[in-house]
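The following exercises concern the structure shown below. Please attempt each task before reading its solution.

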Amino acid sequence: MAFVKRSLSLHGHRTSLALEPEFWEVVDEHVAAEQRSLANLIAEIDDNRDPDDPLSSAVRVWVVRKIRPV
């Protein structure tokens with residue numbers, strides 16, 4: 001399965017994030033529905049993750065929680 005890499009500014013620094021297309025689809029839907037930027041959403045996820053967890057994993061967990069609320 002191929003990853004899709006996107007670049008964005010996160011807290012003033014350029015970074016890239018690679019996820020499977022299915023995860024990006026959920027992220028994109030949420031960003032559009034909330035009328036917010038991708039960078040804003042990813043920054044929120046970054047601010048709330050355990051620093052020992054990779055950002056890509058934190059985004060995947062965020063997606064799972066959106067489609068399967070606890």
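**Exercise 1. Determine where Phe3 lies, whether Phe3 is buried or exposed, and how far Phe3 is from Trp24 in space.**

Solution. Step 1: Phe3 belongs to the segment before β1. Helices (H or I, at least four residues) and strands (E, at least two) are DSSP runs, numbered from the N terminus. Step 2: the relative accessible area of Phe3 is 52%, so Phe3 is exposed. Here buried means under 20% relative accessible area, exposed over 50%, and partly exposed in between (1.4 Å probe, protein chains only). Step 3: from C-alpha to C-alpha, Phe3 and Trp24 are 9.8 Å apart, while 21 residues separate them in sequence.

Two remarks on conventions apply throughout. The model is predicted: local features need pLDDT of at least 70, side-chain atom pairs count only at pLDDT 80 or more, and totals for chains, interfaces and linings use all residues. Residues are numbered from 1 along each chain as its sequence is written, and side-chain values use heavy atoms, with hydrogens and water left out.

**Exercise 2. Identify which charged end sits over the ring of Trp24, and which sits over the ring of Phe23.**

Solution. Step 1: apply the criterion, namely that NZ of Lys or CZ of Arg is within 6 Å of the ring centre and within 35 degrees of the ring normal. Step 2: over the ring of Trp24 sits the charged end of Arg6, at 4.3 Å from the ring centre. Step 3: over the ring of Phe23 sits the charged end of Arg60, at 5.7 Å from the centre.

**Exercise 3. Describe the backbone angle phi and the surroundings of His11 and of Gln35.**

Solution. Step 1: recall that most residues other than glycine have a negative phi. Step 2: His11 is not a glycine, and its phi is positive, near 55°. His11 is located in the loop between β1 (4-10) and β2 (13-19). With 47% relative accessibility, His11 is partly exposed. Step 3: Gln35, also not a glycine, has a positive phi of about 50°. Its place is the loop between α1 (21-34) and α2 (38-48), and Gln35 is exposed because its relative accessible area is 74%.

**Exercise 4. State how α1 and α3 are arranged relative to each other.**

Solution. Step 1: two packed helices are described by the angle between their axes and the distance between the axes. Axes are lines fitted to C-alpha atoms, for helices over the stretch in contact, and angles run from 0 to 180 degrees between N-to-C directions. Step 2: α1 and α3 (residues 55-67) pack at about 65°, and their axes are 10 Å apart. Step 3: the two helices are therefore roughly perpendicular. Angles under 35 degrees count as roughly parallel, over 145 as roughly antiparallel, 65 to 115 as roughly perpendicular and the rest as oblique.

**Exercise 5. Compare the accessibility of Ile42 with that of Asn48, and find which backbone oxygen lies 2.8 Å from a polar atom of the Asn48 side chain.**

Solution. Step 1: Ile42 lies in helix α2, and so does Asn48. Step 2: Ile42 is buried, with a relative accessible area of 0%, whereas Asn48 is exposed at 63%. Step 3: the C-alpha atoms of Ile42 and Leu17 are 9.5 Å apart in space, although these residues are 25 apart in sequence. Step 4: the backbone oxygen in question is that of Glu44.

Note on methods: A polar contact is a pair of N or O atoms within 3.5 Å; within protein, one must be able to donate a hydrogen and the other to accept it, and residues adjacent in sequence count only if both atoms are side-chain atoms.
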